[in-house]
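Here's a short tour of a protein chain, written for someone just starting out. Have a look at the picture, then read on.

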Amino acid sequence: QYSPDSVAGADGEIDPTEVTFPGCSCRSSSCVVPECPCLRRGENYSSSLCLRLAEQEQHFSRPVFECNSLCQCGDGCQNRLVQRGLRLRLQVFRTERKGWGVRALEPVPRGGFVCEYAGEVLGSAEAHRRIRAQTPQDTNYIIAVREHLHDGRVMETFVDPTHIGNVGRFLNHSCEPNLFMVPVRVDSMVPKLALFAAADISAGEELSYDYSGRFHNLPGTSREHKPLEEENSLRKPCYCGSRTCASFLPWDSSLFSTP
């Protein structure tokens, strides 16, 4: 079932549509710093509606908070980007060795928003149950995003587009990707998993991101590790073809253990 936005999972534990953030009282058509409290919370977009990438090189990247449904600013506010959804022309196509893939039918500038990875937002217990129920032959669409906070806490978000999702589920992994994922918050602490261009992308180029989160993240923040020999039977080969290809898709054994 196609859904442009994430929905509450079958476990009913998390509702991504719930509005819990207060809105700004900005009266201008487009909010500006430092007047807007939404913009003061974290990273902002540039005038060309691209994510500012300079902060990604800092020790910690700043969060992104867009204006929400309770804000007084207009729908044309510069701080409303990911919530508007897909605006680019993308094409799902059959690749030679990787199954389905996605390519851009128009150029995408560096920092430009491409699409959201949408699906069922699950609680930890249901996400682990679904992952453990999979066989090595099953296609795994469930993504686990871990945000490392400055005080040492880790926030986890699980999204499963297996049965309900959008075009993001067809994006392939690459060890040298041209996209990277950023959690973007609009109405609540449940983030939208937004994919942005890591470099200028040409029309016709296949879109990909690093499933492990290595790209644009500090080393060691991923739980990926060198698996035991008996775990190799569960791993899937990587066919990205990049010079730095790791031969296998990213692996996180903690998702297969009891939470």
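Which pattern does the protein chain follow when you read along the sequence? Going along the chain, you get β-α-β-β-β-β-β-α-β-β-β-β-β-β. Added up, that comes to two helices and twelve strands. Keep in mind that you're looking at a predicted model.

Now for the chain as a whole. It has 259 residues, and 44% of them count as buried. About 13400 Å² of the protein chain is exposed, with carbon and sulfur atoms supplying 50% of that area. What about contacts along the sequence? Take the contacts with a separation of 6 or more: 67% of them are accounted for by residues 24 or more positions apart.

Next up, the cysteines. How many disulfides does the structure hold? The count is zero. C36, for one, is in no disulfide, and the nearest cysteine sulfur belongs to C31, 3.8 Å away. C175 has a cysteine partner to check as well: its closest cysteine sulfur is in C240. Why is there no bond between C175 and C240? Their sulfurs are 3.9 Å apart, which is too far, because a disulfide needs the two sulfur atoms within 2.5 Å.

Are C36 and C175 buried or exposed? Both count as buried, because buried means under 20% relative accessible area. Here are their values side by side:

| Cysteine | Nearest cysteine sulfur | Relative accessibility |
|---|---|---|
| C36 | C31, 3.8 Å | 0% |
| C175 | C240, 3.9 Å | 14% |

Terms used: Residues are numbered from 1 along each chain as its sequence is written. This is a predicted model: local features need pLDDT of at least 70, side-chain atom pairs count only at pLDDT 80 or more; totals for chains, interfaces and linings use all residues. Side-chain values use heavy atoms; hydrogens and water are left out. Helices (H or I, at least four residues) and strands (E, at least two) are DSSP runs, numbered from the N terminus. Buried means under 20% relative accessible area, exposed over 50%, partly exposed in between (1.4 Å probe, protein chains only). Contact means heavy atoms within 4.5 Å. Accessible areas come from the Shrake-Rupley method with a 1.4 Å probe; for residues, only the protein chains shown count as cover.
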